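Work through the exercises below with the sequence and the coordinates open. Try each task before reading its solution.

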Amino acid sequence: MGRSAWQPRAPLLLVIFFFIFKVPVVHAQGAEILNLLAMTTIKENSPRGSSIWVTPINPPSGSLFQPVIEARSPPNISNIGIFLEGLLDFETQNLYVLNITVSTYNGSELQYTSSVLTVQVLDVNEAPRCGERFTSIGETVQVTEDTTPLSAMFYVIATDPDSGSLLNFKIAWVVPSVASGRFSISSGGAILVPENGFNYDAGDRNFIFTIVVSDQFGENCTGSLTVSVLPSQKHQLNFTIQSQTVTTIENLGDSVYVANVSAAGAKVRYQFIFPSPYFSINEVTGIIVTKINLDLEADPLIKSTSLLILAFDLTTHLSATATVNIIVSDVNDNDPVCIPADFITTVPETVPVGTVFFALSCIDRDVSSTDISYKMAFGPNTPLIFEMIGSNFQVNDSLNYDSTTMSLMKFQYSVDIVVKDGGIPPRSVTVPVRITVSPVNEFSPEFQKPFSFFVLENSASGVLVGTVVATDQDWPLNSIQYSIVGGNNQKLFYIDSSSGNLYGRTPLDREISSSYSLQIQAVDQNQDVNPANSKTSTKMFTVNVEDVNDNPPVCNPAYYEQTIYSTLGNNVPVTTVMCTDVDATANLQYSITNGNVNNRFFMNGNQVRSRNLFSFDPFALLDPTSFDLQIEVTDFRFTRMVLVRVHVVPWTTTAPTTKRVSQPHLPVVVTAIERSWDPEPWFVAAITVTAVLLTTVAGIMVWKILSKFRMLTFVKAEPMSDPLLSSRSNNLPTSPRSSEPLKIENFDGRAKDPVSGRDYLFNSSSGERRWV
């Protein structure tokens, strides 16, 4: 082995301990450092713990507290010291300046006393330093027997850390000892070939030297050297190939053929001069095989190995050496390794574009395929919203949680990053990336038209008034909860919180209120990872109550009395019937249903009008002088009856000179009210069954009564001897049929005689009249 380098020792640390005491002061004066030296010295080879400087300190009397380093006499004086903890090196640093501070406490403040100490490191002679291998296991060198005498076959490398030192090289002893006088060493450390050279055949094979290197002060270092003498070319065996280079590939396993060496000889054996941990050689055949599986990634030193092979002839004792250089080629047998190996995370949908999720770091253990390329493979329904910029995986577009597509993807983006190396053939690894998007409530509910509903009054409880619709763009779409927050003080309405269906709680009465304004609130649900982040919208909705004819007409008054002259012309208003209906859509119709003798009156709206002149001819058409007109007022569901009494004054009658006081006539008011009732089906069935049972029972009872008495009673009607009404006035003719019994059903009207004031019945068709 050639020269070996020696590195100087790194500078050692000087650690200085100095103690700072906090001492309460009894007197005003602070502590005092006694016998202070400005400079001190210490040798560079002083061991750790050596005292560098110790001096007494004089704190005020009775003021020193523990710790006390070293008590002295008098007792108020104590020592402080500086000690060596590291190793010193004069050649590295030979001077230290230390600042020493002692603090005392006078009861109200700290007082400091400082001093400077200079430490001078003294140089000490150090031993020479030889090469590490030379002084431990020893160096080895090979020379041939024909090497030139007195030529240098090895140089001992040694240095002295002390400047200006002179080194002396000396061979202390030689093995075998008989060769001690043959070898010499120069002043420069060169071991020389013996003056008479080597003789391999005479036994010059191996020599072991012990060499001492010392300085002028006797300090030294010692090492060993082994010299192996090889026979000269003329005595060596001849390898068929003296030096060869072979190539193999890694990971073929152990005991795999690599190369073969061969030397001519009768009985030749082969061995490695320097054993190899990777290869072995068959001592008989010279075949070199792998000792272990060669893996460049596990041990890069395998890539190139130089084997020195010795061939030895057991017959002639001749030997030869050959060199085999083995190059191990890399095989692309390792996939790229990536950190992270996969990436799974959850991010909000509002993550900004350009956000870097992670930096992908990939390496390939194969020494020859270090080029790495990246390619993204997107999963089904995954849009191209991610990209690789260099090794950074980042978002390239906004993440939208609120879509059916994302729902089908279960709100997770699936991306595979295919990492490929540059080997032949290339190998790849897939880094799965799974990014789950969490919802963020971005949008408020928006109400949709219509904002007004219509419902019939008197609708049953629970009637559907309308459906409130609000939309929300956040997913799940339109996940909204509805409530009424205003305008429902009477609790007339309620809303289904999920569907938005608005119902009437009780029947409504348009006559009380024709419309209602409800403030409806929509709150979105389950659209954010934080339930507190819900959004709210409100909107005013109007419920219009549509009119239903549920109130009868009201007539006030219900009786009218009017006096007219018989000369009143046609289509002249007689009186106006005043009726109202609180139903807004009610349309009242007026008609004369009774008492309109000779059809003298007709209705025009709510007015009673005359049709033509009245007739009072007893031998022709005789009109009554009083008409009791029954007026039917209907809204086509309910009916009211109004009585209108009209007194007709004949134009041929002279007005009496005296005022006749007549008794007031009580009006007869006939009210017909239609009721509409729509019972439940079960009630109709129950009533029907009950009616059938009652009818059956009644029939049985009648049958039993008739069967028991079996009696019939006949009533014979005898004719009246006198007419029911007798004529008392010559103004009224006697009916030719006055002798017949009076039949009330023959008369269809009643009137008052204007002369006598008596009431009579009349038949408007036949003209027949009878006094009452």
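**Exercise 1. Cis peptide bonds**

In which loop is P340 found? Describe the peptide bond before this proline, then treat P557 in the same way.

Solution. The model is a predicted one.
- Step 1: P340 sits in the loop between β23 (337-339) and β24.
- Step 2: The bond from I339 to P340 is cis, and its omega is near 0°.
- Step 3: P557 belongs to the loop between β41 (554-555) and β42 (559-565).
- Step 4: The bond from N556 to P557 is cis, with omega near 5°.
- Step 5: Most peptide bonds are trans, which is why such bonds deserve a check.

**Exercise 2. Positive phi**

Locate F411 and N599, give phi for each, and classify their exposure.

Solution.
- Step 1: F411 lies in the loop between α2 (404-408) and β30.
- Step 2: Phi of F411 is near 60°, a positive value, and the residue is not a glycine.
- Step 3: The relative accessibility of F411 is 15%; the cut-off for buried is under 20%, so F411 counts as buried.
- Step 4: N599 is in the loop between β45 (589-594) and β46 (601-604).
- Step 5: Its phi is positive too, at about 55°, and N599 is not a glycine.
- Step 6: N599 has a relative accessible area of 41%, so it is partly exposed.
- Step 7: Most residues other than glycine have a negative phi.

**Exercise 3. A three-stranded sheet**

In what order do the strands of the open sheet with β25, β29 and β28 run, and which strands stand at the edges?

Solution.
- Step 1: The order is β25-β29-β28, with antiparallel pairing.
- Step 2: β25 (356-359) and β28 (386-389) each have a single partner strand, so one side of each lacks a neighbour in the sheet; these are the edges.
- Step 3: From one strand to the next, the twist averages 20°.
- Step 4: Look at the contact of β25 with β29 (residues 392-395): three bridges join these antiparallel strands.
- Step 5: For a register check, A359 stands opposite N392 in β29.

**Exercise 4. The largest nonpolar core**

Which residues of the largest nonpolar core touch the most other members, and which strands each supply at least two residues?

Solution.
- Step 1: The core has 28 residues.
- Step 2: F357, L360, F386, F393, L399, Y413 and I417 touch the most other members.
- Step 3: At least two core residues come from each of β24 (343-348), β25, β28, β29, β30 (412-421) and β31 (428-438).
- Step 4: Now turn to the rings: F343, F357, F358, F386, F393 and Y413 form a cluster linked by ring pairs.
- Step 5: F357, F386, F393 and Y413 are named both in that cluster and among the core residues that touch the most other members.
- Step 6: In soluble globular proteins, nonpolar side chains tend to be buried together.

**Exercise 5. Rings and charges**

How many aromatic pairs are there? Classify the pair F614 and F627, then find the charges over Y200 and F451.

Solution.
- Step 1: The count is 22 aromatic pairs.
- Step 2: The ring centres of F614 and F627 are 5.7 Å apart and the planes stand at 50°, so this pair is tilted.
- Step 3: F614 is in the loop between β47 (607-610) and β48 (626-634), and F627 is in strand β48, so the pair ties together parts 13 residues apart in sequence.
- Step 4: F614 is buried at a relative accessible area of 7%, and F627 is buried at 0%.
- Step 5: R205 lies over the face of Y200, 3.8 Å from the ring centre.
- Step 6: K539 lies over the face of F451, 4.4 Å from the ring centre.

**Exercise 6. Y112 and the whole chain**

Is Y112 buried or exposed? List its contacts beyond four places in sequence, then summarise the protein.

Solution.
- Step 1: Y112 is part of strand β6 (residues 110-122).
- Step 2: Its relative accessibility is 55%, so Y112 counts as exposed.
- Step 3: Leaving aside neighbours within four places in sequence, Y112 is in contact with T101, V102 and S103.
- Step 4: Y112 and V102 are ten residues apart in sequence, and 5.6 Å separate their C-alpha atoms.
- Step 5: Overall, the protein has three helices and 52 strands.
- Step 6: Of its 772 residues, 38% count as buried.
- Step 7: Among contacts between residues at least 6 apart in sequence, 67% join residues at least 24 apart.

Notes: Residues are numbered from 1 along each chain as its sequence is written. This is a predicted model: local features need pLDDT of at least 70, side-chain atom pairs count only at pLDDT 80 or more; totals for chains, interfaces and linings use all residues. Side-chain values use heavy atoms; hydrogens and water are left out. Two strands pair if DSSP finds at least two bridges between them. Helices (H or I, at least four residues) and strands (E, at least two) are DSSP runs, numbered from the N terminus. Axes are lines fitted to C-alpha atoms, for helices over the stretch in contact, and angles run from 0 to 180 degrees between N-to-C directions. Rings of Phe, Tyr and Trp (its six-membered ring) pair if their centres lie within 6.5 Å; planes under 30 degrees apart count as stacked, over 60 as edge-to-face and the rest as tilted. Buried means under 20% relative accessible area, exposed over 50%, partly exposed in between (1.4 Å probe, protein chains only). A charge sits over a ring if NZ of Lys or CZ of Arg is within 6 Å of the ring centre and within 35 degrees of the ring normal. A nonpolar core is a set of buried Ala, Val, Leu, Ile, Met, Phe, Trp, Tyr and Cys residues joined through side-chain atoms within 4.5 Å. Contact means heavy atoms within 4.5 Å.
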